[in-house]
Amino acid sequence: MENQIITNIDEILERIAKVCIRTGRNPEEVKLLLATKTVAADRIKIALQHGQALIAENKVQELKEKYEVLKHVPHTSHFIGHLQTNKIKDILKYNVSCIQSLDRLDLAEKLHHRLQLENSSIEVLIQVNTSNEESKFGVHPADAIGLIRQVAQFETLKIKGLMTIGLFSAETEKVRTCFRLLKNIQQQISALAIPDVAMTELSMGMSNDLETAIEEGATIVRVGTAIFGQRLYPDSYYWNEGKSL
Ligand SMILES: *Cc1c(COP(=O)(O)O)cnc(C)c1O
């Protein structure tokens with residue numbers, strides 16, 4: 001089990017390196033984030049002890065359950081799931097440095113108020129729904145700039161870039177369209193030079209489409225299955241929760 005995780009990580013790093021070489025990118029520009037939903041803390045620990053440093057959960061409950069085991073192992077923790085406003089107080093207890101899934105104003109407002117009370121701040125990425133699928137969270141591409149202008153007013157929320165989940169499709173060119181769109185929005189926003197808005201991070205690409213994402217400019221790829229194996233729950237359990245279809 002331990003060996004399998006390590007072998008898988010090495011394979012992913014190799015895949016990342018290969019695309020970077022092929023596309024003339026510096027592999028150090030692309031961070032590997034381990035998507036650890038449903039993965040037991042002991043198994044995550046193996047990855048962290050093997051040189052990995054960036055992990056992310058989709059649910060506050062899982063963050064909480066694994067926190068005690070992982071807190072003594074050096075790492076950075078992001079959040080990539082749908083965040084309900086009633087979980088804001090909770091999520092801020094577990095040392096999450098970046099919420100990659102900020103996708104609506106009411107969430108931003110409530111986060112800001114709580115952070116103000118705690119005299120704290122957090123990094124965020126704006127999640128954009130680039131695949132036009134009802135089932136996925138994220139701000140509509142046409143509303144991304146407006147949302148960012150509003151979130152930028154909240155000085156406790158440090159905008160660092162954008163995140164998206166690409167279309168689920170075996171057709172690479174359709175998936176690529178999603179990543180291109182995110183890159184395009186990033187460029188539009190950068191050009192606006194909104195004060196306190198950084199557009200350095202593009203979090204896109206997962207186990208099946210990370211090559212395409214890196215070709216289109218990803219700076220963070222989020223990998224779960226290819227490292228930890230198949231999950232028991234379908235992803236719809238994480239992505240559709242609380243959303244009427
Ligand atoms: C689960 C998940 C991933 C990783 O997906 P895999 O296909 O298992 O690599 C990436 N991003 C988000 C938001 C996820 O929920």
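Glu171 is partly exposed, with a relative accessible area of 45%. In this predicted model, the side chain of Glu171 meets that of Lys174 in a salt bridge, at 3.3 Å from N to O. The salt bridges of the structure number 17, while a search for disulfides finds zero. A ligand is also present, with 13 residues around it.

**Salt bridges**

- Lys174, the partner of Glu171, is likewise partly exposed, at 43% relative accessible area.
- Glu216 and Arg176 form another salt bridge, with their closest N and O atoms 2.8 Å apart.
- Because Glu216 lies in the loop between H8 and strand E8 (220-223) and Arg176 in helix H7 (residues 172-192), this pair ties together parts that are 40 residues apart in sequence.
- Glu216 counts as buried, at 13% relative accessibility, and Arg176 is buried too, with a relative accessible area of 12%.
- Salt bridges with shared partners link Arg22, Glu173, Arg176, Arg180, Glu215 and Glu216 in one network.
- Lys71 and Glu68 also meet through their side chains in a salt bridge, at 3.2 Å from N to O; Lys71 is partly exposed, with 39% relative accessible area.

**Ligand surroundings**

- Lys37, Asn58, Ser207, Arg222 and Thr225 come nearest to the ligand among the 13 residues around it.
- A polar side-chain atom of Thr225 is 2.5 Å from an oxygen atom of the ligand.
- Gly224 places a backbone N or O atom 2.9 Å from a ligand oxygen atom.
- In the side chain of Arg231, an N or O atom lies 2.8 Å from an oxygen atom of the ligand.
- The ligand taken alone exposes 390 Å², of which the protein buries 97%.

**Surface and loops**

- Leu232, Tyr233 and Tyr237 make up a nonpolar surface patch, with about 390 Å² of accessible area together.
- Within this patch, Tyr233 sits in the loop between helix H9 (225-228) and helix H10 (236-239) and counts as partly exposed, at 44% relative accessibility.
- Asn208 belongs to the loop between strand E7 (197-203) and helix H8 (210-215).
- With a relative accessible area of 77%, Asn208 is exposed.
- The C-alpha atom of Asn208 is separated by 34 Å from that of Glu109, and the two residues are 99 residues apart along the chain.

**Cysteines**

- Cys20 counts as buried, at 1% relative accessibility.
- Cys98 is buried as well, with a relative accessible area of 2%.
- With zero disulfides in the whole structure, no pair of cysteine sulfur atoms lies within 2.5 Å.

Note on methods: Residues numbered from 1 in each chain as written. Predicted model: local features only at pLDDT ≥ 70, side-chain atom pairs only at ≥ 80, totals over all residues. Heavy atoms only, no water. Patch = residues over 30% accessible without salt bridge, like charges linked within 9 Å, V, L, I, M, F, W, Y side chains within 5 Å. Areas by Shrake-Rupley, 256 points an atom, 1.4 Å probe, with all protein chains shown as cover. Salt bridge = Lys/Arg side-chain N within 4 Å of Asp/Glu carboxyl O. Helix = DSSP H or I, 4+ residues; strand = E, 2+ residues; numbered from the N terminus. Buried < 20%, exposed > 50% of the residue type's maximum accessible area, 1.4 Å probe, protein only. Near = heavy atom within 4 Å. Polar contact = N/O pair within 3.5 Å; in protein donor to acceptor, adjacent residues only side chain to side chain.
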